[in-house]
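User: Please take a close look at one helix in this chain, going through its surroundings, its ends and its packing, and then set it beside the charged pairs found elsewhere in the model.

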Amino acid sequence: MQTLLFPTDELRQQEPPVNVASVPQRSLFRYPGGKTWLVPLFRRWMKSLSSKPRLLIEPFAGGGIIGLTAAFEALADRVLLVELDERVGAVWHTILCEKSEWLANAILSFELTPASAHEVLNRKPSSIHELAFQTIVRNRTAHGGILADGAGVLKEGENGKGIRSRWYPKTLSTRISAISYIAHRIDFIHGDGFAALADKKHDHEATFFIDPPYTAGGKNAGSRLYTHSIVNHDHLFAACSELMGDFLMTYDNTPEVRSLAKRYGFETRLVAMKNTHHAEMNELLIGRNLSWVR
């Protein structure tokens, strides 16, 4: 007999999956585990708080769609993105701290072919902004946007477009310009998300959106998708229990994760989502109070 990972009444209470086409696309990344589908629920969570947060912290920023949404829609006064991956961090640093115009122009002027992509991806960058450009090319030409070493490059792609099927230079340039326009609301740290949690744990005016690489419960997809995939999940739950501000976590729905949530007295809710192949799945929200989830 199959063991259910969730009570049946919780499944019946789920909302239908979000149509991601209805959500503003802010991020440059086509990122594994991206949270565009979560944006409407994130807005609802932020608006359910007693006051607008002074600071939203995303300690595992990745593609940063949640932090970007908070900054663009003024859901928090400021946003702090933290990312350990050097390549992803180079993109955020380039856009938020320097060279955003250079990156936009580099993308616009690049003629993407299998040969030009191979040349860029195999070249040793001489600066942070060159690493940022290489990262965008890698993200937009690799299967599923996977940045981990060994990811294959698109051959067939969508509608026979091959390697160019995910390369939208004007769109990417426009997104860079838009982000640079509100960059004064966003801070970036290339570093460890756990350190950021510890540094801000006494800040009552901070909120936290936490979306770690998924390697809990015997699942190893994170090691295939992410360069930095090893996370001590027990340590993460313990760190969240010490936060003075509110937080929202997203996780795969596994017995191990539910057990951790129960141990630390956190609530859980299943929400429907669609993966990059448009297959319907369920993901687990974790927090102190999830009464705002319908």
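Analyst: What follows starts from the chain as a whole, turns to helix H4, and ends with the salt bridges.

This is a predicted model, and its chain contains 12 helices and seven strands. Of the 294 residues in the chain, 51% are buried, and among contacts with a separation of 6 or more, 69% are between residues 24 or more positions apart.

Helix H4 spans residues 86-97, and it is mostly covered, with nine of its 12 residues buried. Those buried residues are Arg87, Val88, Gly89, Ala90, Val91, Trp92, Thr94, Ile95 and Leu96. Their packing partners are helix H3 (65-72), strand E2 (78-83), helix H5 (100-109), helix H7 (128-141), helix H8 and strand E3 (186-190), a list that includes both helices and strands.

The ends of H4 can be described separately. At the N-terminal end, Asp85 acts as a cap, with a side-chain oxygen placed 2.8 Å from the backbone nitrogen of Arg87; Arg87 is itself one of the buried residues of the helix. On the other side, just after H4, Lys99 adopts a positive phi of about 65°.

Among the partners of H4, helix H8 deserves a closer description. A pair of packed helices is described by the angle and the distance between the two axes. Here the axes of H4 and H8 (residues 169-181) approach within 8 Å and cross at roughly 60°, which means that H4 is oblique to H8. On the H4 side the contact is made by Trp92, Ile95 and Leu96, and on the H8 side by Ile176, Ile179 and Ser180. Sorted by class, this contact comprises five nonpolar residues, one polar residue and no charged residues. The three contributors from H4, namely Trp92, Ile95 and Leu96, also appear among the buried residues of that helix.

Charged residues, absent from the contact of H4 with H8, come to the fore in the salt bridges. Side chains of opposite charge can pair when their charged atoms come close, and the structure holds 12 salt bridges. One of them joins Asp211 to Lys35, with the closest N and O atoms 3.3 Å apart. Because Asp211 sits in the loop between strand E4 (206-210) and helix H10 (221-225), while Lys35 sits in the loop between helix H1 (8-12) and helix H2 (39-48), this pair ties together parts that are 176 residues apart in sequence. Both partners are buried, Asp211 at 15% relative accessibility and Lys35 with a relative accessible area of 4%.

A second salt bridge pairs Arg43 with Glu73, whose closest N and O atoms are 2.9 Å apart. Arg43 lies in helix H2 and Glu73 in the loop between H3 and E2, so that the pair links distant parts of the chain, 30 residues apart. Glu73 is partly exposed, with a relative accessible area of 28%.

Lys52 and Asp77 also meet through their side chains in a salt bridge, at 3.3 Å from N to O. This pair again links distant parts of the chain, with Lys52 in the loop between H2 and strand E1 (55-58) and Asp77 in the loop between H3 and E2, 25 residues apart. Both are partly exposed, Lys52 at 47% relative accessibility and Asp77 with a relative accessible area of 43%. Finally, salt bridges that share partners bring Lys35, Asp211 and Glu283 into one network.

Technical notes: Residues numbered from 1 in each chain as written. Predicted model: local features only at pLDDT ≥ 70, side-chain atom pairs only at ≥ 80, totals over all residues. Heavy atoms only, no water. Axes fitted to C-alpha atoms, helices over the stretch in contact; angles between N-to-C directions. Helix = DSSP H or I, 4+ residues; strand = E, 2+ residues; numbered from the N terminus. Parallel < 35°, antiparallel > 145°, perpendicular 65-115°, else oblique. Contact = heavy atoms within 4.5 Å. Nonpolar A, V, L, I, M, F, W, Y, C, P; charged D, E, K, R; others polar. Buried < 20%, exposed > 50% of the residue type's maximum accessible area, 1.4 Å probe, protein only. Polar contact = N/O pair within 3.5 Å; in protein donor to acceptor, adjacent residues only side chain to side chain. Salt bridge = Lys/Arg side-chain N within 4 Å of Asp/Glu carboxyl O.
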